[in-house]
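Have the sequence and the fold open side by side for this one. We'll take a short walk through a few helices and see what sits where.

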Amino acid sequence: LTSSVMISLMAGDIKSADFTHTAVMDYYARDLVAETAYHRGWIASIDFRYRDAFTFYAKAARLMPSIGVYLNRAGEAAHTLKEYDEAILYYELALALDLKESGKDHSGVVISYSNLALAWEEKKNYGKAIGYYELALESTLKAYGEEHSGVSYFRNNLASMWKASGDYAKAIKDEGENYDGGNL
């Protein structure tokens, strides 16, 4: 940055040097405001001010949409407020970003799949919830193996969704895969 500004100044291109500094200043100001909004959202959420938390998280996500945690937190806050369509929008943006940056077997992608499954479950769209739980289970198995605690979590949730959708045979199958043969 400094060298490009110096080259512009040495060439007598003051406008280019000033433009470069303005762009950098705007970016870092936006980054700082987004980070501050994110932290204010966190403070509001631990103070049970969920509407304020959503407002701050959404601002952080709007200012820096390339930061997945901002998108996920905005989604979680909307979810808490029972604004499921808004939550799904933020979760889908976070998922797209995580898939692009990390691939489908990354923990951030699994979190996005799980968040989307939970939101669709709340909307009683069990087919979509099942689809996202299956993706989360598949990614968890590939990334961490059968012994990871997430495997049981996702199988249990799948069983619940199959039961809610009326497919008891699949519910029993998924729940049975969770059973380790121990005594209850």
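What follows is a tour of three helices, with a few residues picked out along the way. Keep in mind that this is a predicted model.

Let's begin with H6, the helix that runs over residues 107-122. With 16 residues at 1.5 Å a residue, H6 should span 22 Å, and its end C-alpha atoms are 23 Å apart, so the two figures agree. Much of the interest here lies in what H6 tucks away: its buried residues include Gly108, Val109, Val110, Tyr113, Leu116 and Trp120. What does the covering for the buried residues of H6? Among the elements that do so are helix H4 (68-80), helix H5 (84-102), H7 and helix H8 (149-164). Once you step past the helix, look for lysine 124, which follows H6 and has a positive phi, near 65 degrees.

Now hop over to H7, which covers residues 126-144 and holds serine 139. Is serine 139 buried or exposed? Its relative accessibility is just 2%, and because buried means under 20%, serine 139 counts as buried. Its side chain has polar company, too. A polar atom of that side chain lies 2.6 Å from the backbone oxygen of lysine 104, and the serine 139 side chain also makes a polar contact, at 3.4 Å, with the side chain of aspartate 105. If you set aside neighbours within four places in sequence, serine 139 is in contact with Lys104, Asp105, Val110 and Tyr113. Two of those names should ring a bell: Val110 and Tyr113 are also on the list of buried residues of H6.

The last stop is H2, which takes in residues 14-46. Alanine 23 has its place in this helix and is partly exposed, with a relative accessible area of 38%. Try tracing from alanine 23 to phenylalanine 154: the two are 131 residues apart in sequence, and their C-alpha atoms are 45 Å apart in space. Further along H2 comes aspartate 31, which is partly exposed as well, at 24% relative accessible area. Where does alanine 60 sit relative to aspartate 31? The pair is separated by 29 residues in sequence and, C-alpha to C-alpha, by 8.5 Å in space.

Finally, turn to isoleucine 46, also in H2. Together with Trp42 and Ile43, Ile46 makes a nonpolar surface patch of about 310 Å².

Definitions and conventions:
Residues are numbered from 1 along each chain as its sequence is written. This is a predicted model: local features need pLDDT of at least 70, side-chain atom pairs count only at pLDDT 80 or more; totals for chains, interfaces and linings use all residues. Side-chain values use heavy atoms; hydrogens and water are left out. Helices (H or I, at least four residues) and strands (E, at least two) are DSSP runs, numbered from the N terminus. Buried means under 20% relative accessible area, exposed over 50%, partly exposed in between (1.4 Å probe, protein chains only). A polar contact is a pair of N or O atoms within 3.5 Å; within protein, one must be able to donate a hydrogen and the other to accept it, and residues adjacent in sequence count only if both atoms are side-chain atoms. Contact means heavy atoms within 4.5 Å. Patches are made of residues with over 30% relative accessible area and no salt bridge: like charges are joined within 9 Å, nonpolar side chains (Val, Leu, Ile, Met, Phe, Trp, Tyr) within 5 Å. Accessible areas come from the Shrake-Rupley method with a 1.4 Å probe; for residues, only the protein chains shown count as cover. A salt bridge is a side-chain nitrogen of Lys or Arg within 4 Å of a carboxyl oxygen of Asp or Glu. The expected span of a helix is 1.5 Å times one less than its number of residues.
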